[in-house]
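The following report looks at the charged side-chain contacts of a protein and at the fold and surface around them. The sequence and the structure come first.

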Amino acid sequence: MKITALDITHRRFARKMRGYDPEEVHAFLGDVAEAFEALTTELQGLQDEVSRKDEEMAELRSRERVLQDTLITAQKTCEELRDNARKEADLLVAEAELQADRIVQGAHARFQRIVDDIGELKRQRIQLAAQLRSVLRAHDKLVEAFGDGEREDRVEFLPARKKTADEAAE
């Protein structure tokens with residue numbers, strides 16, 4: 001049975017002979033009721049405070065879970081960003097290497113064309129020089145044929161030079 005301070009204050013006892021002094025009993029019961037009321041009020045206050053603390057603790061635990069989840073999510077996102085950045089960097093390096101290879105191959109092909117062009121120009125120069133010598137000899141022979149045979153008037157068009165293997169074969 002639950003007893004309240006009001007129950008203590010209103011409690012009346014039957015009178016018997018040679019019993020306790022009723023006024024003293026009532027005064028004591030009044031004191032007990034006041035003390036009991038104070039304890040009941042304090043208990044209710046403490047229970048309210050415990051309830052508030054439990055709610056605060058539940059809220060803090062909820063926040064802690066949210067923070068932990070956020071931290072885990074942030075760590076995963078950071079790792080994903082780092083992995084994506086690493087993959088993108090690797091891709092950029094691979095593309096740069098491919099482009100560098102293409103540039104080197106293009107430069108090598110251009111170099112080869114230039115070397116071939118130089119070789120062709122040298123061949124053409126030799127051929128042109130040979131044709132010019134041939135034309136000059138033909139003109140020199142014509143001058144000799146139409147001239148009166150006097151060699152002194154003859155103008156030397158080509159300086160004396162050694163014949164090349166091609167010229168000697170002619």
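In this predicted model, the side chains of R86 and D83 form a salt bridge, with a distance of 3.4 Å from N to O. Both residues belong to helix 2, where R86 and D83 stand three residues apart, about one turn of the helix. R86 has a relative accessibility of 46% and therefore counts as partly exposed, and D83, at 37%, is likewise partly exposed, because that class covers values between the 20% limit for buried and the 50% limit for exposed.

The structure holds three salt bridges, and the table lists them with their N to O distances and the spacing of the partners along helix 2.

| Salt bridge | N to O distance | Spacing in helix 2 |
|---|---|---|
| R63 and E59 | 3.3 Å | four residues |
| R86 and D83 | 3.4 Å | three residues |
| R123 and E120 | 2.4 Å | three residues |

In the pair of R123 and E120, R123 is partly exposed at 42% relative accessibility, and E120 is partly exposed at 33%. For the pair of R63 and E59, the relative accessibility of E59 is 39%, so E59 counts as partly exposed.

Helix 2, which spans residues 22–146, is part of a protein with three helices and zero strands, and the pattern read along the sequence is α-α-α. Of the 170 residues in the protein, 4% are buried, while the protein exposes about 15,800 Å², of which carbon and sulfur atoms supply 58%.

Note on methods:
Residues are numbered from 1 along each chain as its sequence is written. This is a predicted model: local features need pLDDT of at least 70, side-chain atom pairs count only at pLDDT 80 or more; totals for chains, interfaces and linings use all residues. Side-chain values use heavy atoms; hydrogens and water are left out. Helices (H or I, at least four residues) and strands (E, at least two) are DSSP runs, numbered from the N terminus. Buried means under 20% relative accessible area, exposed over 50%, partly exposed in between (1.4 Å probe, protein chains only). Accessible areas come from the Shrake-Rupley method with a 1.4 Å probe; for residues, only the protein chains shown count as cover.
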